[in-house]
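Here is a short note for a first look at this entry. Please read the points with the structure open beside them.

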Amino acid sequence: MTLSGKAAIVTGASSGIGEATAFALAKAGANVALAARRTERLEELKTRIENETNAKAIVVKTDVTDKAAVEMLAAKTKEAFGSIDILVNNAGVMLLSHIKNDLIDEWTRMVDVNIKGVLHGIHAVLPTMLEQNTGHIINISSVAGHEVTRTSTVYSATKYAVRALSMGLEKEFSTTGLRVTNISPGAVESELREHITDEEVRSNLGNKKRTLLHADDIANAIVYAVSQPEYVNVNEIIVRPKLNY
Ligand SMILES: NC(=O)c1ccc[n+]([C@@H]2O[C@H](COP(=O)([O-])OP(=O)(O)OC[C@H]3O[C@@H](n4cnc5c(N)ncnc54)[C@H](OP(=O)(O)O)[C@@H]3O)[C@@H](O)[C@H]2O)c1
C-alpha cells in the first residue's frame, strides 16, 4: 500500500527513532507533521524531507506533556494536510535509576512524557480518525515493556503502560477502521541514554559492550506496519539486536 497522500504525525521527531521514522514515512509518500520541543532540529529535518522526498512537512513545536499543545498539533496537521492517517506516539524519556536513589522528579517526568504524552496523542487524533473511519496509531513501547531489570523499574512501568494502552485501543476499536500497532524496540543507538543522571547506572552503561540497533531499523518496522492493506492489523512488533553479531 502506498502512503502517498497520507498525513502522519511523529512525536519526538527531533532525534533518534522519531527522526528516522518521519523521514522514512516521507520517503514512502506520507506528508509529515514533525513534533518535539527542539524546533531547530525539526526545521533541519523538514528541509531534508523537502529536498530528498516528494512529501511535505510541517514543524509544530510540541511538549507532549501539554494536552493543549498536542491538541494544537492535531489541528495544525489536519489544516495542513486535510486528514490525520497515522500517529506515531514516539516521544519518550528513559531515566534509568535505582529506586533506592529516590529520583522522584525523574519518575514523575517519565510518567508525564511516556504515559500522559501518549494519552494526549490518542486523545487529540481519535475524533478525526473515527470520523474518517480510518487511521493508524503506532505506540512506541520497548522490550522494557516486556521485561524489568534492576534499574528499569519505573521506565518499565511506563512502557508496560504503553503496551496496555495499545492492547486496550486495539480491542475497543477492533470493529472500526482504526488500526493499532505496538512497537517494542530493543537497544537502539540514540540520545536516549544521555539524559540518565543516576551515577551508578551511568558508570555501568560505559562498561557494557553490546550490539545496538540503528534508528532506521525501527523506522522500517513502522513503515512495514502502516503499509499493509487495510484489512491487515499488525498489532505487535518486537525488534531486538542480534546479540552475537
Ligand atoms: N533507544 C532505545 O534503545 C529505545 C529502546 C526502546 C524504546 N525506545 C523508545 O523510543 C522512543 C524514542 O527514543 P530514542 O531512542 O529515539 O531517543 P531520543 O533520541 O532521545 O529521542 C527522544 C525524542 O523524544 C522527544 N521528547 C522528549 N520529551 C519530550 C516532550 N516532553 N515533548 C515532546 N517531545 C519530547 C525528544 O525531543 P525534544 O527533546 O526535542 O523535545 C526526542 O525527539 C522513546 O519512547 C523510547 O522510550 C528507545
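1. Aromatic pairs. Searching the whole structure for aromatic pairs turns up zero. Keep in mind that this is a predicted model.

2. A charge over a ring. Phe23 does have a charged partner: the charged end of Arg48 sits over its ring. The distance from that charged end to the ring centre is 4.1 Å.

3. Confidence. The chain has a mean pLDDT of 96. Of its residues, 98% reach 70 or more. Where is confidence lowest, and where is it highest? The lowest value belongs to helix α6, residues 199–207, with a mean of 85. The highest belongs to strand β1, residues 7–11, at 99.

4. The ligand's surroundings. The ligand is surrounded by 30 residues. Ser14, Arg37, Tyr155, Val188 and Ser190 are the closest. By type, the shell holds twelve nonpolar, eleven polar and seven charged residues.

5. Polar contacts to the ligand. Look at the oxygen atoms of the ligand. Ser190 places a polar side-chain atom 2.6 Å from one oxygen atom. Arg37 also offers a polar side-chain atom, 2.7 Å from an oxygen atom of the ligand. With Glu191 the backbone is involved: an N or O atom there lies 3.4 Å from a ligand oxygen atom.

6. Burial. How much of the ligand does the protein bury? Taken alone, the ligand exposes 880 Å². The protein buries 97% of that area.

7. Elements around the ligand. Three helices each give two or more residues to the shell: α1 (16–27), α4 (104–132) and α5 (153–172). Start with these when tracing the shell around the ligand.

Notes. Residues numbered from 1 in each chain as written. Predicted model: local features only at pLDDT ≥ 70, side-chain atom pairs only at ≥ 80, totals over all residues. Heavy atoms only, no water. Near = heavy atom within 4 Å. Polar contact = N/O pair within 3.5 Å; in protein donor to acceptor, adjacent residues only side chain to side chain. Areas by Shrake-Rupley, 256 points an atom, 1.4 Å probe, with all protein chains shown as cover. Helix = DSSP H or I, 4+ residues; strand = E, 2+ residues; numbered from the N terminus. Nonpolar A, V, L, I, M, F, W, Y, C, P; charged D, E, K, R; others polar. Phe/Tyr/Trp six-rings, centres within 6.5 Å; stacked < 30°, edge-to-face > 60°. Lys NZ or Arg CZ within 6 Å of the ring centre and 35° of its normal. pLDDT = per-residue confidence, 0-100.
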